[in-house]
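Biologist: I'd like to learn how to read a model like this one, feature by feature. Could you walk me through it?

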Amino acid sequence: EARLLALGASGPDGLTPQQARPGSGDAAGEPDWVTAFVQKKEERDMVDRLKEEQIRRKKREDRLEKIRHNVQLKYAAKRKRCEEDEAKHLLQLSKEALSQGAGEGVLDQLDHNEEELILAEYESDDEKKVVSGLEEEEDDDLEEEHVTKIYYCSRTHSQLSQFVREVQKSPFGKDTRLVSLGSRQNLCVNEEVRRLGALQLINDRCIEMQKNKHEKKSDEENEGKKRRVSRTVCPFYSYEQMQFLRDEVLVEVKDIEQLVSLGRETKACPYYGSRFAIPAAQLVVLPYQMLLHEPTRNAAGIKLKDQVVIIDEAHNLIDTITCIHSAEVSGSQLCCAHSQLSQYMERYRKRLKAKNLMYIKQILYLLERFVAMLGGNVNQNPGCQAVSQTGTVLKSINDFLFQSQIDNINLFKVQRYCEKSLISRKLFGFVERYGGPASAVKTNKENQKLAGLQNFLLTLQQGSDKEGDPPVEAEHDHLRTASPLMQIEGFLSALTNANQDGRVILNRQGTVGQSSLKFLLLNPAVHFAKVVEECRAVIIAGGTMQPVADFREQLLCCAGVDPARVVEFSCGHVIPPENILPIILCSGPSNQQLEFTYQTRDLPQMMDETGRILCNLCNVIPGGVVCFFPSYEYEKQVYGHWEKTGLLSRLAAKKKIFQEPKKANQVEQVLVEYAKCIKRCSQTGGQMTGALLLSVVGGKMSEGINFSDDLGRCVIMVGMPYPNIKSPELQEKMTWLDKTMPRAAGQAPSRVLIENLCMKAVNQSIGRAIRHQKDFASILLLDHRYARPAIFNKLPQWIRERTQVKPAFGSAFAELRKVRTFISCAA
């Protein structure tokens, strides 16, 4: 760039044309001077483009610098906002004064509101350029080139906020242009939209409000005075204010909470304001679901070409990609959507255009066939239809399409229609108006037809109550039953994957309502390939990434990455070696060999031996002890056995016992009580030395929770948490791997997968205890199988290097007593 600009500065004659390629002039039948002229012109154009980019960049830097140091500019913008707010307020008061006494007009307007529920004319199946409304504004910044940037992704918004705070504290904090991206659910500041709760509803409502803004002028021109419809427009979607927000974001590093506060203060949408800041940003912080899902990535304006992507907390990256691109719909959702859509079509049949009717009929036919595949009929209550052949069947996508007799329907066109027409949003509005049991429906002939929809929704709600759904989630359930078509759209989209990359699972259970159709993605690499191809570099990082073979083989090799491009790096831990004591224990106090296989773990002697080990440990280890079981069922079984034998009361004498709750909303409460108990015991002393938390691998406590310091002085892993290999999904994944992947070190890929899934779960759980440089803890792995080389080598390096294998309990107990002495000294 610098070389070309230097040449350009010396004038057009200073540009020396490149030598014409040998034979190129003759082949084209052109003289050399023509070829030289064309090349010269191309170089001149390149220089012009670079100069324009340099000017644009300089303007941007100057603008941001001006905002950074000129406080008056900020006050001027704020004063202007206040003036605009006051003007709007006065205008509103004037409208209210005029509308007083116009009762009939108000009623008329309410009736017209129903116009919003009718689908707009759907003109073509072809791709059309959507006018964004922002194109009306002539601003150079919209054409701004994306500067080279880093996209930093993590799993949750709280992890991203932690990262942003670290950037703010760093020496680069003041000069870095950082943008935090999030979903509308996190960034929307319009209370009316936020109240919808469900992400899909918030998305659809937001898009509809923008559409209303862009269509407002043309609607008024076309409809005249006869049918003027009042359509809601988002007050925060102001181009000028969002540009101001964009500049504020680029001037100073802000996390999502600060961005939302700024949006409320400036009356500008943080969701779109932050997106306008992407081209100029140097660091973009976002949840990795947003980056890994291509439609979401495109919608957000993320361009990965020649950029750097860092995916942090990536230990479950493969699972995340699989989950994002898999979809499941229940029989009750299919029947409910069919009922709603049929009644919607009946009510507005005369108002809908031919193309809309055609697509609605296609969707109804698809729903009918899906229910038939589950062995049911859409016209009957799914809760009352018993399934004759229960069980799980897996089919390839093509087989499913043929057997359900929908192979003659173009699913790509149906999917595109659903996206463009916003049919699920219209249907949700229709159900909100007429479907609720509390809403007063006028008793005319048309509305009598809707009574069936009310009754149907009531029976669905009663049916879900019978199944024992918790009352806490009743509101969420209502949202889910009120908008099932949104879920079904995801399933239709999944069916457009390539035949070899996924499977359809027919799960027939009890009734049609309880049965489901699930799309399972087998090859996550197809969706990750684009990220790897476009990016200049991709960093997949995490605290506990071992074993890493999965990432190399399933994600990178399958995505066509050259093995030479893959570089592996692993470093030790910041803690000194004496701060951690990992022990693999092969037998218990009564010399019972520890092997928690499905066949042996239910034996009374195994459960007794586990209890004895815990009793001994609780006698010598102060503070908190966290014990992980392979599943909720096994934890419940062991707990019940200890209650019967009296072992539980012996444990409770030393440590107060807590159990991990199954419901996510109770986790925080249990953790608070657990922490309080440990703190109380350490302050008061006495016989009670702390608390024992019985947790589950893969549960709420095994990931993202910090058992630092006294909260986790010892972590115990009972057995090896192998996944359920009888699961149809896992069996299909294993079959697919054996067919597509090479054998590694003589082991079948399916066997490697099972071991890797097990050890990833173990590594995540045992990593909960060491959370900072001065932390210390002991780790006990209760199963002799951990000592096998294939398993042992899959432990994280910093744990593996310090692990001791103890065949007998006595020597292990002696080591733990040494740790107690160390803890006393440290205290």
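Modeller: Sure, we'll go from the whole chain down to single side chains. Keep in mind that this is a predicted model.

Biologist: Start wide, then. How many helices and strands does the protein chain have?

Modeller: The count is 35 helices and 16 strands. Of the 827 residues, 48% count as buried. The accessible surface comes to about 41,700 Å², and carbon and sulfur atoms make up 51% of that.

Biologist: And what share of the contacts links residues 24 or more positions apart?

Modeller: Take the contacts with a separation of 6 or more: 80% of them are between residues 24 or more positions apart.

Biologist: Okay, how do I read a single helix? Which residues of H19 are buried?

Modeller: You look at what is covered, what covers it, and how the ends finish. H19 spans residues 411–421, and its buried residues are Leu411, Val414, Gln415, Arg416, Tyr417, Cys418 and Ser421. The cover over them includes helices H17 (354–373), H18 (397–403), H20 (423–434) and H24 (484–494).

Biologist: What happens at the two ends of H19?

Modeller: At the N-terminal end, asparagine 410 acts as a cap, with a side-chain oxygen 3.0 Å from the backbone nitrogen of phenylalanine 412. After the helix comes leucine 422, which has a positive phi, near 55°.

Biologist: Now salt bridges. What's the general idea?

Modeller: Side chains of opposite charge can pair when their charged atoms come close. A search of this whole structure finds 20 salt bridges.

Biologist: Where do glutamate 191 and arginine 194 lie?

Modeller: Both are in helix H8 (residues 191–194), three residues apart, or about one turn of the helix. Their side chains meet in a salt bridge at 4.0 Å, N to O.

Biologist: Why does glutamate 191 count as partly exposed?

Modeller: Because its relative accessible area is 40%, and partly exposed runs between 20% and 50%. Arginine 194 is partly exposed too, at 31%.

Biologist: What about a bridge between separate helices?

Modeller: Try lysine 760 and aspartate 550, whose side chains form a salt bridge at 3.5 Å, N to O. Lysine 760 sits in helix H32 (residues 749–766) and aspartate 550 in helix H26 (residues 549–557), so the pair ties together parts 210 residues apart in sequence. Lysine 760 and aspartate 550 are both buried.

Biologist: Which partner does glutamate 755 meet in a salt bridge?

Modeller: That would be lysine 794, at 3.1 Å, N to O. This pair also links distant parts of the chain, 39 residues apart: glutamate 755 is in helix H32, while lysine 794 is in the loop between helix H33 (789–792) and helix H34 (797–800). Glutamate 755 counts as buried at 5% relative accessibility, and lysine 794 does at 13%.

Biologist: Do any bridges chain up? Which residues share partners in one network?

Modeller: Glu191, Arg194 and Arg264 are joined into one network by salt bridges that share partners.

Biologist: Last one: how do I read a lysine in a strand? Is lysine 806 buried or exposed?

Modeller: Check its accessibility, then its surroundings. Lysine 806 is in strand S16 (residues 804–806), and it is buried because its relative accessible area is 13%, where the cut-off is under 20%. Its side chain makes a polar contact of 3.2 Å with that of glutamine 804. Leaving aside neighbours within four places in sequence, lysine 806 is in contact with Ile583, Ile584, Leu585, Cys586, Ser811, Ala812 and Glu815.

Key. Residues are numbered from 1 along each chain as its sequence is written. This is a predicted model: local features need pLDDT of at least 70, side-chain atom pairs count only at pLDDT 80 or more; totals for chains, interfaces and linings use all residues. Side-chain values use heavy atoms; hydrogens and water are left out. Buried means under 20% relative accessible area, exposed over 50%, partly exposed in between (1.4 Å probe, protein chains only). Helices (H or I, at least four residues) and strands (E, at least two) are DSSP runs, numbered from the N terminus. Contact means heavy atoms within 4.5 Å. A polar contact is a pair of N or O atoms within 3.5 Å; within protein, one must be able to donate a hydrogen and the other to accept it, and residues adjacent in sequence count only if both atoms are side-chain atoms. Accessible areas come from the Shrake-Rupley method with a 1.4 Å probe; for residues, only the protein chains shown count as cover.
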